[in-house]
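The exercises below are meant to be worked with the sequence and the coordinates open side by side. Try each task before reading the solution that follows.

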Amino acid sequence: DLDKFYQVQTLDDLKELTAGLRTGWVTIDAFNNAEMKLQEVHNFEGLFTLLEHHRFNYIPRAIYETFDELEARKKSLNHVVIEPTLAIYLPSPTYVYVSSAEPRIAQRIEKGLRIMLKNGELEQILNKYYADDIKRGNVKNRKIIKIESTYHIDKKLLEDKTLWHQMSFEE
C-alpha cells in the first residue's frame, strides 16, 4: 500500500486509510475523535497478521517500537514495511501511578524526576535507550501528521515544555 501513503499530505488524506489498533489502546480515543478509520483487534500479534493480509493499511506505533517489532516478525511478514515518508505526531504522556494512600512516594518520585530533568540525567537516559530509534526514524525527512491527544493531560503539565521531550524533527 505504499503508493497510497505517498499521496498523503494532510490529516484528511490519512483519514482515507484504515489503521489497525489493539483494543484498549488510548490511541483509539484519539483516532475516533479525529474521525479516523480504524479496525480494533483484540490480539497484539493479530495486528501484524491482519496487516500482512491487507485487512487495514497501517499500524501506528511509537518510534521506539517500530523497528524492533518489525524485526522480530520479519520472517512471517513478507508484505509489511515501515512507511518511509510519514510520521504521526500524537502527544502521549507517561505517568507513574502510586497508591493514594502513599502520597509521600508520589512526592519523592516527582522530586527525583524533576532533579533528573533539571540536571540532564533524564535526557541522557532517553538518549541511551531511544536515540538510535529516533535517528533511524529519519523524522526530519518525513511529513508530520498531527493528531490531537484525547488522553487526559493536565493543562498545566501540557504547557510546561520542560516535561516534554522536545523533538526538533531534525534529529
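**Exercise 1. Confidence and overall layout**

Task: State how confident the predictor is in this model, and then describe the order of its secondary structure elements.

Solution: Start with the confidence, since this is a predicted model: the protein averages a pLDDT of 90, and 95% of the residues score at least 70. Next, go through the elements, among which helix α8 (residues 155–159) has the lowest mean pLDDT, 73, while β1 has the highest, 98. The protein holds eight helices and four strands, and along the sequence they follow the pattern α-α-β-α-β-α-α-β-α-α-β-α. Finally, take the overall extent, for which the C-alpha trace spans about 50 × 35 × 35 Å along its principal axes. Of the contacts between residues at least 6 apart in sequence, 63% join residues at least 24 apart.

**Exercise 2. Two helices against α7**

Task: Determine how α6 is oriented relative to α7, do likewise for α5 and α7, and list the residues that meet in each pair.

Solution: Begin with helix α6 (residues 103–119) and helix α7 (residues 121–136), which pack at an angle of about 80 degrees with their axes 4 Å apart. Angles of 65 to 115 degrees count as roughly perpendicular, and therefore α6 is roughly perpendicular to α7. On the α6 side the contact is formed by L113, M116, L117 and N119, which meet E121, L122 and I125 in α7. Sorted by class, this contact has five nonpolar residues, one polar residue and one charged residue.

Then turn to helix α5 (residues 63–73), which packs against α7 at an angle of about 80 degrees, with the axes 8 Å apart. This angle makes α5 roughly perpendicular to α7. Here I63, Y64 and F67 in α5 meet Y130, D133, I134 and R136 in α7, and the classes are five nonpolar, no polar and two charged residues.

As a last step, look at burial within α5, where E65, T66, F67, E69, L70 and R73 are buried. The buried residues of α5 pack against α4 (44–52) as well as α7.

**Exercise 3. The nonpolar cores**

Task: Identify which residues of the largest nonpolar core touch the most other members, and which elements supply this core.

Solution: First, place the core in context, noting that buried residues make up 28% of the 171 residues in the protein. The largest nonpolar core has 16 residues, of which L14, F31, M36, Y58 and I147 touch the most other members. Second, β1 (18–22) and α3 (27–33) each supply at least two residues of this core, and the largest share, three residues, comes from α3. Third, follow F31, which touches A19, L21, M36, L38, Y58, P60, I88 and I147 when residues up to four places away in sequence are not counted. A second, separate core of ten residues includes V41, L47, L51 and L70.

**Exercise 4. Positive phi outside glycine**

Task: For E35 and N138, give the phi value and the location, and decide how exposed each residue is.

Solution: E35 has a positive phi near 60 degrees although E35 is a residue other than glycine, and its place is in the loop between α3 and β2 (37–41). With a relative accessible area of 62%, E35 is exposed. N138, likewise not a glycine, has a positive phi of about 50 degrees and lies in the loop between α7 and β4 (143–146). Its relative accessible area is 30%, and N138 is partly exposed.

Conventions:
Residues are numbered from 1 along each chain as its sequence is written. This is a predicted model: local features need pLDDT of at least 70, side-chain atom pairs count only at pLDDT 80 or more; totals for chains, interfaces and linings use all residues. Side-chain values use heavy atoms; hydrogens and water are left out. Axes are lines fitted to C-alpha atoms, for helices over the stretch in contact, and angles run from 0 to 180 degrees between N-to-C directions. Angles under 35 degrees count as roughly parallel, over 145 as roughly antiparallel, 65 to 115 as roughly perpendicular and the rest as oblique. Contact means heavy atoms within 4.5 Å. Ala, Val, Leu, Ile, Met, Phe, Trp, Tyr, Cys and Pro count as nonpolar, Asp, Glu, Lys and Arg as charged, and the others, Gly among them, as polar. A nonpolar core is a set of buried Ala, Val, Leu, Ile, Met, Phe, Trp, Tyr and Cys residues joined through side-chain atoms within 4.5 Å. Buried means under 20% relative accessible area, exposed over 50%, partly exposed in between (1.4 Å probe, protein chains only). pLDDT is the predictor's confidence in each residue, from 0 to 100.
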